[in-house]
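The following exercises practise the reading of side-chain contacts and backbone angles. Each task is followed by a solution in steps.

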Amino acid sequence: MNETAANFTLSPPLLYTNITILNIKNISNITPYQNSNFLAVTYSTAMAITTTAITQPRPQTNVTLSTVATTPAAVVVPANLPYMMAELVIAFLSTVGNLLVCAAVGLNRKLHTVTNYFLVSLAVADICVGALAIPCAILTDIGIPRNNLYLCLLMLSVLIMLTQSSIFSLLAVAVERYVAIFMPLRYQSLMTPRNALLVILVTWVLAFLMGLVPLMGWHKTPPASGYCFFVLVVDMTYMVYFNFFACVLTPLVIMFLIYAQIFVTVKRQVRRIAAERGGVAGGADGAAKIKKEMKTATSLFLVLFLFTICWIPLHIINCFLLLCPACPVPLPLLLTAIILSHANSAVNPFLYAYKMKSFREAFKGIFLCCRSVGEGEDDGGGTTAQR
């Protein structure tokens, strides 16, 4: 795409910290930003600009252009090493921590519940983020692979697929809690291990298909340079309208509504039982059961809340980049949002250990090389399913 421009700005989109490659000539001054992936390029004379290496047609920030022209030489800014180191630390914590979650559920029969099957599905997605998605993000951050559009799109789509799988797992957990509280008499027939595995399979297939949409044609024309950068390949309309609005925001709204109804209903039942406890036998047992369900729902809601806190800032930045191209996005803010989104994959094991006694005891058993753990109140494992 060719166009002429003077003094406009370019900023990085989300889910990547791409290195911008500019083919330039007649440059009077090039000033690099310290510890960043971008260049401020200033020119003294106006010339035509040919954006063969930049297919983003909208103005953005962090690279100021007066005159650019295509030449055989390319200027590539080195990768941001502190950012890459942070990503590697997150990848390690995510992989090890979520492997521990899977081992805890696999080795402890007390944790063989429908709720935990969905949490294992979430943990598997987070393991893949650490073992696959973050390494792919680091490689594409330096433009690898080059001159292979479909492999490039596949690597860039991995994180989108895994994020979607995580959202579907969280949605399955919310629906399972809804059934446990509002349809307790039908829970055992509906939420069987077989049905749970079927739901998990369906969610992974849907996430796979949604993440591969760019490979099906919804992507930008590959740049002449052949470099694999998110900004040059993935269409931002796909990221905002399809991925965020349809596939992320809609399920999140549904889940928050489900948990809101759960909390309101459980609190109402607790107050009613407390008022009737004096004349009703077994009232104390009923209140204890409801409080246990409330505690479980609260722990699982925290998982959803942390996911939202970690991912929404990045999606909001993406919306600004697409819908408000004149709005500047500071580079430190963008890098923070990217790292925060990836860090979500590493926080859940710590949350389980802190909030759920059953997981905490299972983790202790693993660290002590024991296959069984002591008896204790199962306050975070959900309703046990029939095996």
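Two rings of Phe, Tyr or Trp (its six-membered ring) form an aromatic pair if their centres lie within 6.5 Å. The model used here is predicted, and a search of the whole structure finds 15 aromatic pairs.

**Exercise 1.** Classify the aromatic pair formed by tyrosine 259 and phenylalanine 301, and state which helices the pair links.

*Solution.*
Step 1. A pair of aromatic rings is described by the distance of the centres and the angle of the planes.
Step 2. For tyrosine 259 and phenylalanine 301, the centres are 5.5 Å apart and the planes make an angle of 65°.
Step 3. Planes over 60 degrees apart count as edge-to-face, so this pair is edge-to-face.
Step 4. Tyrosine 259 belongs to helix α7 (residues 236-276) and phenylalanine 301 to helix α8 (residues 283-323); with their positions 42 residues apart, the pair links distant parts of the chain.
Step 5. Ring pairs also join Phe256, Tyr259, Phe263, Phe301 and Phe305 into a cluster.

**Exercise 2.** Determine whether tyrosine 259 is buried or exposed.

*Solution.*
Step 1. The relative accessible area of tyrosine 259 is 1%.
Step 2. Buried means under 20%, therefore tyrosine 259 is buried.

**Exercise 3.** Describe the salt bridges of arginine 177.

*Solution.*
Step 1. A search of the whole structure finds two salt bridges.
Step 2. Arginine 177 forms a salt bridge with glutamate 176, where the closest N and O atoms are 2.8 Å apart.
Step 3. Arginine 177 also forms a salt bridge with glutamate 293, with 2.6 Å between the closest N and O atoms.
Step 4. The pair of glutamate 293 in helix α8 and arginine 177 in helix α3 (residues 149-182) links distant parts of the chain, 116 residues apart.
Step 5. Glu176, Arg177 and Glu293 are thus linked in a network of salt bridges.
Step 6. Arginine 177 counts as buried because its relative accessibility is 0%. Glutamate 293 is buried as well, because its relative accessible area is 15%, and glutamate 176 is also buried.

**Exercise 4.** What is notable about phi of asparagine 147, and where does this residue lie?

*Solution.*
Step 1. Most residues other than glycine have a negative phi.
Step 2. Phi of asparagine 147, however, is positive, near 60°.
Step 3. Asparagine 147 lies in the loop between α2 (114-141) and α3.
Step 4. Asparagine 147 counts as exposed because its relative accessibility is 61%, and exposed means over 50%.

How values were computed:
Residues are numbered from 1 along each chain as its sequence is written. This is a predicted model: local features need pLDDT of at least 70, side-chain atom pairs count only at pLDDT 80 or more; totals for chains, interfaces and linings use all residues. Side-chain values use heavy atoms; hydrogens and water are left out. Rings of Phe, Tyr and Trp (its six-membered ring) pair if their centres lie within 6.5 Å; planes under 30 degrees apart count as stacked, over 60 as edge-to-face and the rest as tilted. Helices (H or I, at least four residues) and strands (E, at least two) are DSSP runs, numbered from the N terminus. Buried means under 20% relative accessible area, exposed over 50%, partly exposed in between (1.4 Å probe, protein chains only). A salt bridge is a side-chain nitrogen of Lys or Arg within 4 Å of a carboxyl oxygen of Asp or Glu.
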